[in-house]
Amino acid sequence: MKFDQPKNDFSIPRMEEKILEFWDKEKIFEKTLEASKDRPEFVFYEGPPTANGRPGIHHIISRTIKDLVCRYKTMRGFYVERKAGWDTHGLPVEIEVEKSLQLDTKNKVLEYGIANFNQKCRESVFKYIDDWNEITHRIGYWLNLSDAYITLTNDYIETVWWILKNFYDRDLIYKGQKTVSYCPRCETALSSHEVAQGYEEIADPSVFVKVKAADGDFYYLVWTTTPWTLPSNAALCMHPEADYSLIEFQGEKLVLASALLMKVLSSGFDIIETKKGGEFQGRKYIPLFDTFKDKADKAFYVINGDFVTLEDGTGIVHIAPGYGADDYEMGLKYNLPILNAVAANGYFVRGSGKYAGKFIKEADPEIIEDLNKSGLLFKKEIYIHNYPFCWRCDSPLIYIARQCWYIKTTQFKEQLI
């Protein structure tokens with residue numbers, strides 16, 4: 001059996017071309033608008049694409065669905081204006097310009113000059129507008145391109161400010177602090193659905209650290225996969241109902257969850273006594289680093305939390321309220337200080353000792369080595385796990401407590417439903 005070879009011909013088939021020519025020549029789209037102008041409105045605004053990137057197959061799929069809905073509503077007797085739009089704001093535009101200018105940090109953008117940078121962004125936003133117009137026409141997508149809204153125009157920007165002021169006047173805008181997924185390169189928070197787009201399997205350092213008790217001759221054994229957060233430690237957390245054993249191992253006394261003894265140590269230890277995690281609450285310990293030693297009266301003691309699991313680690317969780325959702329909630333519950341040795345850009349701040357000015361991943365090996373030199377590193381391993389990366393720039397995300405502006409959607413939730 002013989003088959004014809006497929007031809008690489010991406011031109012418009014003749015029949016489709018004739019239909020498009022007829023629609024254009026006879027202004028069929030315009031006639032549908034004229035014929036229905038006195039009918040009830042079905043409001044459609046194109047969720048605006050960014051014209052500094054080429055259209056892809058996913059745009060064709062979404063626009064086909066939009067076109068179907070608008071044609072259906074027109075046939076049902078509605079006036080459907082189909083207003084086009086262009087998105088010219090936001091990080092996608094800025095990141096493309098940053099790449100073209102080789103500006104990899106916000107400080108370099110500031111050095112380049114905000115006015116100059118904005119002008120480059122303005123020039124870039126319509127780079128592929130001809131491609132967009134062509135594909136819009138090619139797929140027969142009826143859209144009012146002659147009166148498109150553009151997000152960089154003053155009337156659009158003023159409308160957004162008017163809406164925000166309206167929310168503010170109704171007491172629907174407030175400033176709050178929350179642990180967010182944050183990109184240190186883009187210097188912006190990411191929503192949960194954005195975070196879900198960027199998970200990758202990576203190998204991180206996994207360290208078991210000895211934290212000296214302030215009221216006894218033993219160490220709390222703590223596990224973490226983020227050594228860079230240890231200088232910002234404020235508390236240790238144990239599950240109140242779990243059993244914790246004080247053991248002797250190689251001449252040292254250690255406390256860890258009884259259920260994890262064999263997993264962490266395998267053998268060679270003697271159990272001295274066992275207590276519930278709740279019995280350790282309030283007991284003080286000596287901080288691993290001197291970064292925030294002036295906060296000793298408010299921090300560096302054992303707290304209890306039900307979120308502590310006995311599946312991995314030691315059953316004792318290091319708490320840094322500035323860098324984790326559970327940590328932040330426990331910080332609020334126990335009135336712990338938020339100790340931030342690392343800024344939102346992922347670099348250690350001035351005043352964080354020898355790590356100042358270093359990026360978190362650069363500082364990790366040095367922190368581990370310093371713990372080893374001070375005799376506080378019990379052991380280190382490699383931990384394979386899924387970790388979120390920024391979908392825009394591929395930088396590893398950090399979880400950090402930030403002040404953000406919020407709209408009280410809960411206040412009009414029932415009205416929305």
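These are my notebook entries on cysteines, one helix and the nonpolar cores of a predicted model.

**Entry 1, cysteines.** I looked for disulfides. I took two cysteine sulfur atoms within 2.5 Å as the cut-off. The count came to zero.

I then asked why C121 is unpaired. The closest cysteine sulfur to that of C121 belongs to C186 and lies 13 Å away, so it is too far for a bond. I also looked up the accessibility of C121. The value is 9%, so C121 counts as buried.

C183 was next. The nearest cysteine sulfur is that of C393, at 3.6 Å. C183 is in no disulfide, because the cut-off asks for sulfurs within 2.5 Å. Buried or exposed, I asked of C183? C183 is buried, at 0% relative accessibility.

**Entry 2, helix α2.** I turned to α2, which spans residues 28-35. Which residues of α2 are buried? I noted I28, F29 and L33. They cover an arc of only 145° around the axis, so they sit on the same side of α2. I then checked what covers these buried residues. The cover includes α1 (14-26) and β2 (144-150).

**Entry 3, nonpolar cores.** I looked up the largest nonpolar core and found 70 residues in it. Which residues have the most contacts inside that core? I listed Y220, Y244, V255, I303, F348 and L371.

A second core is separate and has nine residues. Among them are L91, I95, C186 and C393. Two of these names were already in my cysteine entry. C186 holds the sulfur closest to that of C121. C393 holds the sulfur nearest to C183.

Methods
Residues numbered from 1 in each chain as written. Predicted model: local features only at pLDDT ≥ 70, side-chain atom pairs only at ≥ 80, totals over all residues. Heavy atoms only, no water. Buried < 20%, exposed > 50% of the residue type's maximum accessible area, 1.4 Å probe, protein only. Helix = DSSP H or I, 4+ residues; strand = E, 2+ residues; numbered from the N terminus. Arc of directions from axis to C-beta. Contact = heavy atoms within 4.5 Å. Core = buried A, V, L, I, M, F, W, Y, C linked by side-chain atoms within 4.5 Å.
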